[in-house]
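Here's a quick briefing to read alongside the model. Have the viewer open, and click through the residues as they come up.

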Amino acid sequence: MLSPAKEILANLRVVLASSSPQRKAILQQLGVKFDVIPSPFYEETVDKNAFSDARDYVKSLAHQKALAVAEQFQNTNEEILVVGADTVIIHDDKIIGKPHKHETAVETLNMLNNGCHQVCTGVSLIKVYSKKHEETLFTETTRVTFGKLTQEQIRSYVDTGEPLNKAGAYGIQGLGALLVEKIDGDYYNVVGFPAYKFFTELVKFTNNN
C-alpha cells in the first residue's frame, strides 16, 4: 500500500482543505507534501438533524468543504488532489457538537463519562485535472471508551481550555488522553484523520480512474 500511495502522491499537488492543526500534523507525519487552503464552506449552515445517519452527515460536510476549495482550481493545468474532512462524535445515536463554552464542555464530558461513544470521520478526495472533477467519499468509525471520571477531573480538564471547539470536548492527542480507557479502531481517526483508510482509498480511487 505504501509504495503505490507514495508514487500517486508524488505526481499530484495535494491540497488540504482544512485549517485543522491535527490533520496537518498527521499528513506531515505520513510524509505527504501538501498545501493548506482552509475551506470557506461554513458547516453551521448544514442541519445535522436532516440526516438519519451520521455517516451521511460527515460525508456531506467533507464533500462541501473539499468542493469549495476544488472550485478554485477550475482553470488549472495541474493535477490536484483536494482533501476535505469532518469529524463528529456520536453518542446514543446522536451527533455531539463542539462546545464553545466551558459549561457546555462540562455537560458534554459528563454525557460521555464512564461509557462508550463513536468517532466518525468523513473524507472527500477530489481530483482536479483538465477542468474535470472526480471524487470519492468514505467514512471511518472508531469506538472510544471513557474511564470513570470525577467532577473534579472533568472541571480540571475543562479549565485547561483544551476541550473548547473540539468534537466531543476532548483531544486524545493532548491531555484528553487521560480520559480515555481504551479505543477500538484507528487512533488517528479519533485525532481527526483516518490515516490507514486514506491511503487504501487513495490507491483504490486512483486505480478506478
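K101 sits in the loop that runs between strand 4 (94-96) and helix 4 (102-112). It's an exposed residue, because its relative accessibility is 62%. Keep in mind that this is a predicted model. From K101 to E79 you count 22 residues in sequence, yet their C-alpha atoms are 42 Å apart in space.

**E79 and its partner**

- E79 belongs to the loop between helix 3 and strand 3, and K127 belongs to strand 5 (residues 116-129).
- The two form a salt bridge, with 3.5 Å between the closest N and O atoms.
- That pair ties together distant parts of the chain, 48 residues apart.
- How do the two ends compare for burial, buried or partly exposed? E79 is partly exposed, since its relative accessibility is 38%, while K127 is buried, with a relative accessible area of 16%.

**Other salt bridges**

- As general background, side chains of opposite charge can pair when their charged atoms come close.
- How many salt bridges does the structure hold? The count comes to 8.
- D86 and K65 make one of them through their side chains, at 2.7 Å from N to O.
- Here too the link spans distant parts of the chain: D86 is in strand 3 (residues 80-91) and K65 is in helix 3 (residues 54-70), with 21 residues separating them.
- Both D86 and K65 are buried.
- R55 and D53 also meet side chain to side chain in a salt bridge, with an N to O distance of 2.8 Å.
- R55 counts as partly exposed, given a relative accessibility of 42%, and D53 counts as partly exposed at 23%.
- There's a network as well: salt bridges link R13, D35 and E78.

**Strand 3 and its neighbours**

- Why can you call strand 3 largely enclosed by the rest of the structure? Because 12 of its 12 residues are buried.
- One way from the strand point I80, V82, G84, D86, V88 and I90. The other way point L81, V83, A85, T87, I89 and H91, and all of these residues are buried.
- Strand 1 (residues 13-16) runs parallel to strand 3, and 4 bridges join the two. For R13, the bridge partner in strand 3 is I80.
- With strand 5, the pairing of strand 3 is antiparallel and covers 11 bridges. L81 has K127 as its bridge partner there, and K127 is also the residue that forms a salt bridge with E79.
- Strand 4 is antiparallel to strand 3 too, joined to it by 3 bridges. In this pairing, I89 stands opposite I96 of strand 4.
- Which residue takes a positive phi in the hairpin of strand 3 and strand 4? It's D92, with phi near 55°, and the hairpin has 2 residues between the strands.

**H117 in strand 5**

- H117 is found in strand 5. H117 counts as buried because its relative accessibility is 2%.
- Its side chain makes a polar contact with the side chain of Y170, at 2.7 Å.
- What does H117 touch, leaving out residues up to four places away in sequence? From strand 3 come I89 and H91, along with I90.
- H117 also touches L112, T142, R143, V144, F146 and Y170.

**Cysteines**

- How many disulfides does the structure hold? It holds 0.
- Why no bond for C116? The closest cysteine sulfur, in C120, is 16 Å from the sulfur of C116, which is too far for a bond. A disulfide would need the sulfur atoms within 2.5 Å.
- Looked at from the other side, C120 is in no disulfide, and its nearest cysteine sulfur is that of C116.
- The two cysteines also sit in unlike surroundings as far as accessibility goes: C116 is partly exposed, with a relative accessible area of 30%, whereas C120 counts as buried at 0% relative accessibility.

Methods: Residues are numbered from 1 along each chain as its sequence is written. This is a predicted model: local features need pLDDT of at least 70, side-chain atom pairs count only at pLDDT 80 or more; totals for chains, interfaces and linings use all residues. Side-chain values use heavy atoms; hydrogens and water are left out. Buried means under 20% relative accessible area, exposed over 50%, partly exposed in between (1.4 Å probe, protein chains only). A salt bridge is a side-chain nitrogen of Lys or Arg within 4 Å of a carboxyl oxygen of Asp or Glu. Helices (H or I, at least four residues) and strands (E, at least two) are DSSP runs, numbered from the N terminus. Two strands pair if DSSP finds at least two bridges between them. A polar contact is a pair of N or O atoms within 3.5 Å; within protein, one must be able to donate a hydrogen and the other to accept it, and residues adjacent in sequence count only if both atoms are side-chain atoms. Contact means heavy atoms within 4.5 Å.
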